[in-house]
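User: Please take a close look at one part of this model, the surroundings of what is bound in it, and describe them in one connected account. Please also explain the terms as they come up.

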2 protein chains.
Amino acid sequence: MDLTGFRAALGDIPIEDHPKLVQQKSRDHYWYSPILKAQLDQVTADLVVMPRSVEDVVTVLAAAYKFDVPITPRGAGTGNYGQAMPLAGGAMLDLKNMDKVLEIKPDRVRAEAGAIMVKMDEETKAAVGAELRFHPSTYRMATIGGFIAGGSGGIGSVRWGGLRNLGNILGLKIVTCEETPRVLDIAGADIMKLAHAYGTNGIIVEAEMPLAPAYDWVEVVVGFDEFLDSCRYAEALAGQDGILLKEISPVAAPVPYDYFGRYRDFLRQDQSVVLIMVAPNSVDALTLFTSHHGGEILHRSDVNDLDAAGRKLPPIYEFTWNHTTLRGLKIDSTITYLQTQYPTLEHLEKIHRMLGDEMPMHIEMTRFDGRIVFSGLPIVRYTGEERLEEIIRLHEENGCLVFNPHRYTLEEGGMKQTDRAQLAFKKEADPKGLLNPGKMIAWDDPDFDFDSGRVWLFAGLAEQARGAA
Amino acid sequence: MDLTGFRAALGDIPIEDHPKLVQQKSRDHYWYSPILKAQLDQVTADLVVMPRSVEDVVTVLAAAYKFDVPITPRGAGTGNYGQAMPLAGGAMLDLKNMDKVLEIKPDRVRAEAGAIMVKMDEETKAAVGAELRFHPSTYRMATIGGFIAGGSGGIGSVRWGGLRNLGNILGLKIVTCEETPRVLDIAGADIMKLAHAYGTNGIIVEAEMPLAPAYDWVEVVVGFDEFLDSCRYAEALAGQDGILLKEISPVAAPVPYDYFGRYRDFLRQDQSVVLIMVAPNSVDALTLFTSHHGGEILHRSDVNDLDAAGRKLPPIYEFTWNHTTLRGLKIDSTITYLQTQYPTLEHLEKIHRMLGDEMPMHIEMTRFDGRIVFSGLPIVRYTGEERLEEIIRLHEENGCLVFNPHRYTLEEGGMKQTDRAQLAFKKEADPKGLLNPGKMIAWDDPDFDFDSGRVWLFAGLAEQARGAA
Ligand SMILES: Cc1cc2nc3c(=O)[nH]c(=O)nc-3n(C[C@H](O)[C@H](O)[C@H](O)COP(=O)(O)OP(=O)(O)OC[C@H]3O[C@@H](n4cnc5c(N)ncnc54)[C@H](O)[C@@H]3O)c2cc1C
Ligand SMILES: Cc1cc2nc3c(=O)[nH]c(=O)nc-3n(C[C@H](O)[C@H](O)[C@H](O)COP(=O)(O)OP(=O)(O)OC[C@H]3O[C@@H](n4cnc5c(N)ncnc54)[C@H](O)[C@@H]3O)c2cc1C
């Protein structure tokens, strides 16, 4: 790595090399995992480069290739698995200066990779009354490029599935890391090579995403005495085809009362809740359905949106997905979490009874190839790595999936299948292996076993063509 | 029944009493069933009354009550089960003069009961870029009141389920048939008392319906050599959460070639097809998915919308739902049809192999309480009532549902559960039993068995509250 040559080749492209600031930009939310915290705490890049255009990105990647400088792309750094951390040093490629919405049509939007999702929605709502189909709970900070390269789904996935599904990303523009970097328009099956690949096979500079109609979503909190009743209700609600919902999340007691400070006024500690976002035209049906199912409506944002102190409540989605964990960590820094999937209520019940308050349950109802499943983001009262591994084993032995958020490689995280097509594409797009090095085992290990037989969230391309996804 | 007194009490409300014209208005599409054709051919009303306003409807129903005149409401008369046929004579109440759209909001529309659905959509599309969530294939003729009182679902039900689902009807205004008719606003759980009740418990004068975003839906025909492959594809496609679809209908060879004349140019006789409506932002993903599944794209309306003679093709939805049967009847008047539901592909396969070309399959993929099921509208090569009953029995013995379209009562049709709450409501709204008499067995038979244990499309109210729907 020749950093002097690299810097000289960058011309007037903005950089930052103050060690403190570089270290800040070299981190994501890896520290949600005590295991990653110990492993990655010392990781830092040598400098941060902040391109302003596709041309700038081409210049940076040509220089990286010439001077053997590792490049780790960064959106907002809200990822959880050390995904955006520069294991081999070199340069962070911070996309924050490329944040423009480029084109809005009634059913789609095209934006630069560094565009913040909530800003994109503000623009598309104003222009065509539409919004992104789904977004992570980090909506107010995260970039569209970072979401595609590092995320999976979120608020809206109960209706639209996730980034893993055909149709949820319409097109990408990427830059390769070669002697003469190419700017490629990616469409069709190739899109899935880039999704959730941590930027290991190309820098995303633009993304085109489908839009859904925007609503003034009504936020509702429904209370239940028994957590399993809240799950039964949530599953049945997700199956109500006539009730338009954007989010359904059952959270077991005592998490809501203990961690959701701003919601305390209307909660009891022994109450489990379901957090809901519903379209205005479906509120009446939701209310009726809830009364049929014995749920107690504790809060409705269309009736009241203030806390007891008269302050506006935060958006409900900032209590869901990994924000549930975040709110927990603010109160109790010893907890951590898992990412799981329970195919049926029986699976969920079994694990819940087995682990009880050692793993307070937090579920996100999502669509998975047309079925409604229980995606889990349970809180784990952490007592050590060994016990965590045991909890994972308990899940797997009982037919539940785990996507391990305590691993920084694509393969060990378990979400993204690396197959031969994927690896071949990386060889073309990044022949020197400079893009986010250390994150793809198949690249580093010539003996990598492609046919592990496990279930992946983002299936490999061959798998998809066989109709698995 | 005192018709002279009744007519005198109507004032200037338009009527028609020419026997030929009255008979025309006393019929629906009952003749799709050879059984109903024989039973109902002689049925006719004494006159047709055509109210222009809610006040007119109140006047008519007060007069009907006073002079004991049966009243059978009629929208466009496109129902299939003799639903709108006046078994006891009296007056047809033709809603055609009450066809105005009253209010449009971005997420809902309110219209008079006689409004034609395609006209409603024209207005809401122009005003707010939205359309009804789903509509019957008789969209260009049928009224919203007739759909609610007599229909079940249609194009869009693959996404939104049917009229049976909470949230798909927002509110109704009805008029009761009492000494002093009441005008009632119906909301919440009560809506389901009126849905698919054939107007036996109140005349719908207004309906409020939720809207979905309108798209220039692209029509696609996909060909398969094997019918079961087309069903496998259709089921998997319906489970693609990221591909926005409005219609998926597999139709077995030789139906498409033999009956879909205008589509012949691009069909082979031995080909089964899947008829699809897809949003523009999902066409690419559909194309990719189709190639993964070995389907052949035979037609795309965004590439070509003319037949070989240069004429614009009819909308694809007029080949689906009961239009498939209609197109068959135009070629071969000896056929008829059934209404079925196959819970899984295995059920469907079993019946298909058993009956083969005696019952050429036609499936509509629909959402049913969150699951994707195969709703059947198979063609039946009719050889007599006995064999038809046998075919129905074969279905039921093999775990498949039949909603018998050869019966004119609510209960025997099998779609609508009459329960005690429903009957109690009829006693209030129509104490003399003048509204569409002869269609509700529970009204006529004091020994009616409420607890038959069968599965109903429109579950009774008690059933719904128990969470069955
Ligand atoms: C509290 C909390 C809640 C969360 N909730 C969700 C959730 O609901 N759903 C969800 O999916 N995730 C969630 N996450 C994870 C994360 O916030 C999202 O995936 C987010 O979209 C990442 O965007 P970012 O801009 O911060 O990406 P970063 O963290 O900056 O990057 C993510 C990955 O993508 C790569 N990358 C970034 N930009 C590019 C680019 N332009 N080209 C190529 N590669 C690039 C990075 O190298 C990294 O590997 C959550 C995280 C936290 C901390
Ligand atoms: C070719 C063909 C295709 C079809 N496809 C479908 C389909 O896809 N989906 C589907 O659900 N149905 C379908 N049908 C049945 C029918 O077309 C629809 O249900 C349609 O919506 C009925 O509307 P209409 O105005 O013609 O009602 P009508 O036939 O006039 O009436 C239907 C029933 O409602 C009652 N009624 C009418 N207006 C009122 C009112 N204002 N108040 C109270 N009761 C009233 C009538 O007495 C009758 O019992 C199809 C029929 C045909 C012939």
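Analyst: **Around ligand 1**

An oxygen atom of ligand 1 is 3.1 Å from a polar backbone atom of Gln83(A), a polar contact being a pair of N or O atoms within 3.5 Å, where pairs within protein also need one atom able to donate a hydrogen and the other able to accept it, and residues adjacent in sequence count only if both atoms are side-chain atoms. The model is predicted, so to speak a calculation throughout, with local features needing pLDDT of at least 70 and side-chain atom pairs counting only at pLDDT 80 or more, while totals for chains, interfaces and linings use all residues. Residues are numbered from 1 along each chain as its sequence is written, chains are lettered from A and ligands numbered from 1 in the order in which they are written, and side-chain values use heavy atoms, leaving out hydrogens and water.

Backbone and side chain both appear among the partners of ligand 1: a backbone N or O atom of Gly79(A) lies 2.8 Å from an oxygen atom of the ligand, and a polar side-chain atom of Asn436(A) lies 3.5 Å from an oxygen atom of the ligand. On its own, ligand 1 has 970 Å² of accessible area, of which the protein covers 97%; such areas come from the Shrake-Rupley method with a 1.4 Å probe, and for residues only the protein chains shown count as cover.

The surroundings of ligand 1 comprise 39 residues, the closest being Pro73(A), Gly75(A), Thr78(A), Thr143(A) and Gly153(A), where a residue is near if one of its heavy atoms lies within 4 Å of the molecule or strand in question. By class, this shell has 16 nonpolar, 22 polar and one charged residues; Ala, Val, Leu, Ile, Met, Phe, Trp, Tyr, Cys and Pro count as nonpolar, Asp, Glu, Lys and Arg as charged, and the others, including Gly, as polar. Strand S3 (71–74), helix H6 (144–150), strand S10 (203–213) and helix H12 (322–331) of chain A each supply at least two residues of the shell, and H6(A) gives the largest share, five residues. Helices (H or I, at least four residues) and strands (E, at least two) are DSSP runs numbered from the N terminus.

**Around ligand 2**

In chain B, Pro73(B), Gly75(B), Thr78(B), Thr143(B) and Gly153(B) come nearest of the 38 residues around ligand 2. An oxygen atom of ligand 2 has a backbone N or O atom of Gly75(B) at 2.7 Å, while nitrogen atoms enter two further contacts, one with a polar side-chain atom of Ser137(B) at 3.0 Å and one with a polar backbone atom of Ile204(B) at 2.9 Å. Of the 960 Å² that ligand 2 exposes when taken alone, the protein buries 97%.

The shell around ligand 2 divides into 16 nonpolar residues, 21 polar and one charged. At least two of its residues come from each of strand S3 (71–74), helix H6 (144–150), strand S10 (203–213) and helix H12 (322–331) of chain B, and H6(B) supplies the largest share, which is five residues.

**A hairpin in chain B**

Strands S5 (residues 101–105) and S6 (residues 108–112) of chain B pair in the antiparallel sense over four bridges, pairing being assigned if DSSP finds at least two bridges between two strands. Two residues lie between S5(B) and S6(B) in this hairpin, and Ile104(B) stands opposite Val109(B) in S6(B).
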